[in-house]
Structures are given as structure tokens and as C-alpha cells.
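Work through the aromatic contacts in the structure below. Each exercise sets a task, then solves it step by step.

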Amino acid sequence: MTRTKSLSRRADRVADRVHDEATEGGAVWRVSALKEVSYDVMVQPRLLDPANPALARAVTSGAAPVRRLVVIDATVASLYSERLTAYLAGHDVEFRLCVIDAHESVKVMATVFEVVDAMDAFGVPRRHAPVVAMGGGVLTDIVGLAASLYRRATPYIRIPTTLIGMIDAGIGSKTGVNFREHKNRLGAYHPSSLTLIDPGFLSTLDSRHLRNGLAEILKIALIKDAELFDLLATHGADLVEQRMQPGEDAVGGTALTVLRRAVQGMLEELQPNLWEDHLQRLVDFGHSFSPTIEMTALPELLHGEAVCVDMALSSVLAHHRGLLTTAELDRVLDVMRVLRLPVLHPVCTPELLRGALADTVKHRDGRQHLPLPRGIGDAVFVDDVTQHEVEAALFALGERERATRQPKVRGPVDMGV
Ligand SMILES: NC(=O)c1ccc[n+]([C@@H]2O[C@H](COP(=O)([O-])OP(=O)(O)OC[C@H]3O[C@@H](n4cnc5c(N)ncnc54)[C@H](O)[C@@H]3O)[C@@H](O)[C@H]2O)c1
């Protein structure tokens, strides 16, 4: 009662003030409210081990038996549905699986409606029965958007099963799908109530998709974490080889450190700006040209690969502006090579990059807000990059690529006679 009174008193004050601003005969009410959000991101190894109660607790909130809808990526279902089924059944959870063949080309509204259909058929209630989304970034982005729309927002839990999902797509507030040729053009801010990260899922992920995730980790390293960069430079190839599996040996220890630092770094950047009120975002490094590059090259380039091409180009831009030394630029491009990530793609023409930057400027409300690395582990924003600079960077990157691909000129050969 007291609360309502004080709220309405505050509202009266605001209304009075804005009333003065209305022209004669008019009226104005201003409504303002804050939506507080908090959610956990948890690294939880052996998630599907029947002895591990974490998933059951998350799904049931301690009140089994319950009914839940699980939306799962088709590949993930083929690998894990048996263990998932045994786990949920063993914890008194009645559930239905909705299997989605999720990949970038079907990251569209039609697939969101497929999930919404499944939610409706299952009878998902409004507040207290979170839908479980289990899969890569494509799957969790689609389910997140479906959950944001269904009954104007139903809760969901994310279980990311790819590296990109674990350190990026599965831990922020953004959901979305592609629209026409535009990447993630339709979406909503709707974070899951919980994200459960089990690095064990990476044991079945192919090495290309692991590298794809390491590209987003490299992004965090370049903009804010020089130590993380060193770890990638030293252990990158082994991390891929050993599928980022935590363990007692040096690479196993590094895998967990890399994962934790990447999540920590990402959340540090996301949390203060969860609704993207500010469009100057360091985590947009590698995401200025890449949305257009990715969509134009689709399905040839994966998300992280397109981001890596953008990071390479942006790093050369930074070098030309004196923000990176030649040695630093060499190190950046070397790590990309160690991780066997692309630094260029044939779709990258001057014209395409002009359009890509123009589209990004619209997305950032008329400003470039282009993050560029300043040394390794730091970054600045620039707003005055010219088409001439972009073309010079593209040319220089092409020249470097040609030089690294050409066989080394050998010196005189000792015939050993
Ligand atoms: N919402 C965000 O903030 C955000 C952030 C970064 C990226 N994204 C989005 O994420 C998407 C990329 O995500 P992704 O790289 O996870 O792609 P993805 O979801 O397509 O998954 C990649 C492939 O791995 C398979 N897979 C998933 N888990 C597996 C496992 N454990 N073992 C074997 N195979 C497995 C999938 O079936 C798929 O074929 C892009 O659409 C991108 O826009 C979103």
C-alpha cells in the first residue's frame, strides 16, 4: 500500500512537470519504469551425469515432477538425446523434445514460428516453466526470440553446446534471426534466466567450429586481455587438437582458463550495456564489416570466420593509423594463422566493404564507432575511417596473403656432393 502510494506520488510529480510542457488543451503523461534483470552464467562440467543435480535443479526449481519443453539442435540430439532423456526421466521431468535442424541458412522467422508452434502445442505457461534451448548459437538465438515473443516473454534456459555459444551467443541478452540479406536484423533483448556451460560438449564439436569459437575469444583477447592473447598464441593449436577439454595437463588447464577468461571478459563488456543503450561497444570489434561479409559469403564462411576476416582488416587499418606496430600486426595475423582462421575472402571487394560500413553506420545511429586495437589487449573507437583507408587496408592485407602463400625463395641448394 505504502509502495503504491509513493509510486503514484512520484508519478504525479512527473506528470505535473510534463503537463506544463503540453500546449493548451493537450495533455501528456510520461510513463517510466525500470526493468531489473539478473541471470546466472555457470560453468557446470558433466551436466548430463545423473549424479549431477545442477540441470535438474535449474529445470524444476526444486519442485519435480514437472513438464518441460526442450528445443534441441538436430546434431546435438543425435549425439546427446539418449543421455538427456535418461537424465531428465531420472529426475522426474516429463518432457517433449522439439528437434530443429539449426544452421545459419534457416536462421529466419519461419524457424522461430516452428518453435512457437511447438511451445503452443506443448502448452508452455507464462512464467514458471522455462523452455530449455540446447545447441549452438543459431539454435539459442532462434529459441530466445521465440521465447521473447510467446506470451510477450516466457523464460528459457540456455545450454550452449558450441564454443561460440559458450562464450558469446549463449551468455548475453540478444536473440535474433536474419532478415532478407541482413544479419540478425530481427531480434529482441531477452536473456535466458540461466546459462549452463559444460565444456564436455566440445568433445564432439568438429575442429572448424572450435576454431570458429576461438575467433570470438581472440576478439576479447585483442580488445582487452593481452594474457588471453598469449595463451592463444602459445596453445591455440593444441586447444583445437584437444577439443578444449579441461584436464590435468598443461593444455587441459589452459582450456579452462581460456574459457573462463573469455566468459568473464565478455560479460564485463555486456553487463553495463545489456540493452545496448550505448552504441560504442568494444565487443563490436570484428563486427563492423563482417555482418555483410558473412551474409554475402553464406554458407561458405562461418560467423567466427567472417569476424576474423573483419578483425584482420581492422588490424591493418589500426596499423596504418599507427595504433599497432608492424611487430604487433604480425603477431595478430600469426595467431589467426595458428588457429587456421581466414583473414580474407574473395567477397571482400572495395564496393562490398563500402556498403558494409554504410550499413553498420546506420546500425550505430549515424556514427562509425569503429573499434580498433591499440596495441594488443586494448582498443579505441574511431569515427573517421575513409573509403580510401579501407581500400588501402584491403590491398595491404591481400599483399600479405599473397606473400605468405608464395613458396619461399630458396638460397643456393647444397647438393651434398
Ligand atoms: N546472440 C548473440 O549475442 C550472438 C553472439 C555471437 C554469435 N551469435 C550467433 O551464433 C551463430 C553461430 O553459432 P554457432 O557457431 O554455435 O553455430 P551453430 O549453432 O550453427 O552450430 C554449429 C554447428 O555445430 C553443431 N553442433 C552444435 N553443438 C555440437 C556439439 N556439441 N557437437 C557436435 N556438433 C555440434 C550444430 O549442429 C551446427 O552444425 C550465428 O548465427 C551468430 O549470429 C549470436
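## Aromatic pairs

The model is predicted. Two aromatic pairs are counted under the 6.5 Å rule for ring centres.

**Exercise 1.** Classify the pair of Tyr80 and Phe201, and place both residues in the chain.

*Solution.*
- Step 1: the ring centres of Tyr80 and Phe201 lie 4.9 Å apart, with 90° between the planes.
- Step 2: planes over 60 degrees apart count as edge-to-face, so the pair of Tyr80 and Phe201 is edge-to-face.
- Step 3: Tyr80 sits in helix H3 (residues 74-90). Phe201 sits in the loop between strand E8 (194-197) and helix H7 (207-224). The two are 121 residues apart, and the pair links distant parts of the chain.

**Exercise 2.** Are Tyr80 and Phe201 buried or exposed?

*Solution.*
- Step 1: the cut-off for buried is under 20% relative accessible area.
- Step 2: Tyr80 has 7% relative accessibility, so Tyr80 is buried.
- Step 3: Phe201 has 2%, so Phe201 is buried.

**Exercise 3.** Classify the pair of Tyr189 and Trp275, then locate both residues.

*Solution.*
- Step 1: the centres are 6.3 Å apart and the planes meet at 80°, so Tyr189 and Trp275 are edge-to-face.
- Step 2: Tyr189 belongs to strand E7 (residues 182-189), and Trp275 to the loop between helix H9 (250-270) and helix H10 (290-297). The pair therefore ties together parts 86 residues apart in sequence.
- Step 3: Tyr189 is partly exposed at 39% relative accessibility. Trp275 is partly exposed at 29%.

**Exercise 4.** Which residue lies over the face of Phe122?

*Solution.* Arg67 does, at 4.0 Å from the ring centre.

Terms used. Residues are numbered from 1 along each chain as its sequence is written. This is a predicted model: local features need pLDDT of at least 70, side-chain atom pairs count only at pLDDT 80 or more; totals for chains, interfaces and linings use all residues. Side-chain values use heavy atoms; hydrogens and water are left out. Rings of Phe, Tyr and Trp (its six-membered ring) pair if their centres lie within 6.5 Å; planes under 30 degrees apart count as stacked, over 60 as edge-to-face and the rest as tilted. Helices (H or I, at least four residues) and strands (E, at least two) are DSSP runs, numbered from the N terminus. Buried means under 20% relative accessible area, exposed over 50%, partly exposed in between (1.4 Å probe, protein chains only). A charge sits over a ring if NZ of Lys or CZ of Arg is within 6 Å of the ring centre and within 35 degrees of the ring normal.
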